[in-house]
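Could you take a look at this one with me? I've jotted down a few points to read alongside the picture.

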Amino acid sequence: MNFNSHTDAVVAVAVCLVNALTLGEARGRPYTPPEGEERRAAVVEVLGMGRRAESVGPAEADELTGVAGALRVVFESVDRGDVDTAAESLNRLLAETDARPHLDRHDGEPWHLHFHGAGGTLAGDWAASCATGLAVVLGGELYDRLGVCTATHCDRVYVDTSRNGTRRFCSTACQNRAKTAAFRARKP
Ligand SMILES: [Zn+2]
């Protein structure tokens with residue numbers, strides 16, 4: 001599946017932000033999101049910025065943690081079939097982040113559409129981009145491809161990019177855990 005390459009990349013970032021920055025369970029264990037400098041480092045890693053890492057401050061990492069919580073609501077709502085709540089949450093987030101389209105050209109690429117947010121900060125731009133990327137998904141035919149892991153003791157989220165839309169787990173680790181559990185359950 002390919003919404004378009006930019007949307008795919010932004011949706012992947014949204015998934016990583018939710019999984020890195022929201023409280024819950026991950027692959028069989030309780031998960032507590034990092035704080036302080038570790039939080040900043042986690043955000044830098046998700047955004048894959050390398051040498052631009054110094055441009056994410058602690059306040060921006062905190063801002064994105066708040067955004068990750070709002071994005072989680074979207075995945076959870078779609079997962080339980082409540083698309084109305086997902087859409088309302090996204091509309092609120094689009095308004096809050098002041099998402100606006102902006103054509104950009106850099107690094108030898110052709111003109112392509114980015115989304116900028118309020119304040120001109122990196123965090124603001126990413127918040128606006130993630131909200132827009134998920135809005136594109138939710139407004140399309142493949143709107144139900146957002147999901148929450150179905151393995152026990154895991155609530156990490158995913159976007160199902162498989163051809164037939166049969167993904168149920170956040171990771172290979174959880175897929176294997178579920179297989180092992182099912183195998184044990186079948187034993188006499
Ligand atoms: Zn999982």
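Here are my notes, point by point.

1. Before anything else, keep in mind that this is a predicted model.

2. Let's start with the metal. Which residues hold the zinc ion? Its protein donors are C149, C154, C170 and C174, and each one uses its SG atom. These donors lie 2.3 Å from the zinc ion. If you trace them along the chain, their spacing reads C-x4-C-x15-C-x3-C.

3. What geometry does the site of the zinc ion have? It's tetrahedral, with angles of 107 to 115° among the 4 donor atoms. For a yardstick, the ideal angle for four tetrahedral donors is 109.5 degrees. As for how accessible the donors are, C170 and C174 are both buried.

4. While you're in that part of the chain, look at H153, which sits in the loop between β5 (146-148) and β6 (157-159). H153 isn't a glycine, yet its phi is positive, at about 55°. That's worth a second glance because most residues other than glycine have a negative phi.

5. D107 gets the same kind of flag: a positive phi of about 50°, although D107 is not a glycine either. You'll find D107 in the loop between β3 (100-104) and β4 (112-116). Is D107 buried or exposed? Its relative accessibility is 71%, so D107 counts as exposed, the cut-off being over 50%.

6. G108 is in the loop between β3 and β4 too. With 82% relative accessibility, G108 counts as exposed. Now try finding R72 from there: G108 and R72 are 36 residues apart in sequence, and their C-alpha atoms are 34 Å apart in space.

7. Next, the helices. Helix α2 covers residues 36-47 and helix α3 covers residues 58-79. Their axes come within 9 Å and cross at roughly 70°. That makes α2 roughly perpendicular to α3, because angles of 65 to 115 degrees are counted that way.

8. What do the two helices touch each other with? On the α2 side it's R39, R40, V43 and L47, and these meet P58, A61, D62, L64 and T65 of α3. Sorted by type, the residues of this contact come out as 5 nonpolar, 1 polar and 3 charged. Try sorting R39, R40, V43, L47 and their α3 partners yourself and see whether you get to that split.

Definitions and conventions:
Residues numbered from 1 in each chain as written. Predicted model: local features only at pLDDT ≥ 70, side-chain atom pairs only at ≥ 80, totals over all residues. Heavy atoms only, no water. Donors = N, O, S within 2.8 Å, 3.2 Å for Na, K, Ca; no water. Tetrahedral: all angles 85-135°; square planar, octahedral: opposite > 155°, others 65-115°. Buried < 20%, exposed > 50% of the residue type's maximum accessible area, 1.4 Å probe, protein only. Axes fitted to C-alpha atoms, helices over the stretch in contact; angles between N-to-C directions. Helix = DSSP H or I, 4+ residues; strand = E, 2+ residues; numbered from the N terminus. Parallel < 35°, antiparallel > 145°, perpendicular 65-115°, else oblique. Contact = heavy atoms within 4.5 Å. Nonpolar A, V, L, I, M, F, W, Y, C, P; charged D, E, K, R; others polar.
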